[in-house]
Amino acid sequence: MANRSVNKVILIGHLGRDAETRYTTSGVPVTRFTLATNRRVKDPATGEWKDETDWHNVTVWRQENLGQYLTKGKQVYVEGRLQTRSYDDRDSGQKRYFTEVVAEEIFLLGTRGEGAGEPYEGAPRAAGAPKPRPEPSADEPDLSGPITDDDVPF
């Protein structure tokens, strides 16, 4: 186990702008967007809670039809890996580094203002995404409603 490593990222956030899909010279689609995640922190000086936002650059390969659904404000689940690339700055000639999340799975959750976990109707699934569950039959209970204290066994 000593020679194993893990590079996995899971994010749930809102898109900061519409996704852009471009094509490599060989015709492979590449979709890019920014994702905002928020966290609450307590200001040590005032004791007040405030929101802090982190921005993530996300790249999706070979999913050309997904870009049309990734619009500003949509809430998405992204699972992938971190990748850092370097390039030489044209103006200064210095080496610059760029870190991004290379997404392997994306699920559209909803738009800003909708509850987390509400499905976005008509949205495609990214590669490897599980198929949606079928509607329950008359013989099985409907588990799609909210969970209450009576549902929890402890």
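**Exercise 1.** Is E104 buried, partly exposed or exposed? Classify the residue, then describe its salt bridge.

*Solution.* The model is predicted, and every value below is computed from it.
Step 1. The relative accessible area of E104 is 48%.
Step 2. Buried means under 20% and exposed means over 50%.
Step 3. E104 is therefore partly exposed, at 48%.
Step 4. The side chain of E104 meets that of R81 in a salt bridge, with 3.8 Å from N to O.
Step 5. This pair links distant parts of the chain, since E104 is in strand β6 and R81 is in strand β5, 23 residues apart.
Step 6. R81 has 31% relative accessibility, so R81 counts as partly exposed.

**Exercise 2.** State how the confidence of the prediction is distributed over the chain, and locate a stretch where pLDDT stays under 50.

*Solution.*
Step 1. For the chain as a whole, the mean pLDDT is 78. A value of 70 or more is reached by 70% of the residues.
Step 2. Among the elements, strand β1 (residues 9-15) has the highest mean pLDDT, 95. The lowest mean among them is 89, for strand β6 (residues 95-111).
Step 3. Over residues 114-137, pLDDT stays under 50. The model has 37 contacts beyond four places in sequence for this stretch.

**Exercise 3.** Describe the pairing of β3 with β4 and the hairpin that the two strands form.

*Solution.*
Step 1. Strand β3 covers residues 29-42 and strand β4 covers residues 49-61.
Step 2. The two run antiparallel and are joined by 13 bridges.
Step 3. In register, V58 in β4 stands opposite F33.
Step 4. Six residues lie between the strands of the hairpin, where G47 takes a positive phi near 80°.

**Exercise 4.** Identify the largest nonpolar core and the strands that supply it.

*Solution.*
Step 1. The largest nonpolar core has 16 residues.
Step 2. The residues with the most contacts inside this core are F33, L35, V58, L70, V76, V78 and I106.
Step 3. At least two residues of the core come from each of β1, β3, β4, β5 (74-88) and β6.
Step 4. β6 supplies the largest share, four residues.
Step 5. F33 and V58, both on the list in step 2, are the residues that stand opposite each other in Exercise 3.

**Exercise 5.** Describe the surroundings of H56, starting from its element.

*Solution.*
Step 1. H56 is found in strand β4.
Step 2. Leaving out residues up to four places away in sequence, H56 touches L11, F33, T34, L35 and T37.
Step 3. Of these, T37 has a side chain joined to that of H56 by a polar contact of 2.8 Å.
Step 4. The C-alpha atoms of H56 and T99 are separated by 8.6 Å, with their positions 43 residues apart along the chain taken as the separation.

**Exercise 6.** How many salt bridges does a search of the whole structure find? Work through two that link strands, and name a network.

*Solution.*
Step 1. The search finds nine salt bridges.
Step 2. One of them joins E52 to R39, whose closest N and O atoms are 3.2 Å apart. The pair links distant parts of the chain: E52 belongs to strand β4 and R39 to strand β3, 13 residues apart.
Step 3. E52 has a relative accessible area of 29%, so E52 is partly exposed. R39, at 40%, is also partly exposed.
Step 4. Another salt bridge is formed by the side chains of R85 and E100, at 2.9 Å from N to O. Here R85 is in strand β5 and E100 in strand β6, 15 residues apart.
Step 5. The two partners fall in separate classes: R85 is partly exposed at 35%, whereas E100 is buried at 3%.
Step 6. R17, E20 and R22 are linked in a network of salt bridges.

**Exercise 7.** Which residues does T84 contact beyond four places in sequence?

*Solution.*
Step 1. T84 lies in strand β5.
Step 2. Its contacts beyond four places are Y97, F98 and T99.
Step 3. With T99, the contact includes a polar one between the two side chains, at 3.0 Å.
Step 4. T84 and E100 are 16 residues apart in sequence, and their C-alpha atoms are 6.4 Å apart in space.

Technical notes:
Residues are numbered from 1 along each chain as its sequence is written. Side-chain values use heavy atoms; hydrogens and water are left out. pLDDT is the predictor's confidence in each residue, from 0 to 100. Contact means heavy atoms within 4.5 Å. Two strands pair if DSSP finds at least two bridges between them. A nonpolar core is a set of buried Ala, Val, Leu, Ile, Met, Phe, Trp, Tyr and Cys residues joined through side-chain atoms within 4.5 Å. Buried means under 20% relative accessible area, exposed over 50%, partly exposed in between (1.4 Å probe, protein chains only). A polar contact is a pair of N or O atoms within 3.5 Å; within protein, one must be able to donate a hydrogen and the other to accept it, and residues adjacent in sequence count only if both atoms are side-chain atoms. A salt bridge is a side-chain nitrogen of Lys or Arg within 4 Å of a carboxyl oxygen of Asp or Glu.
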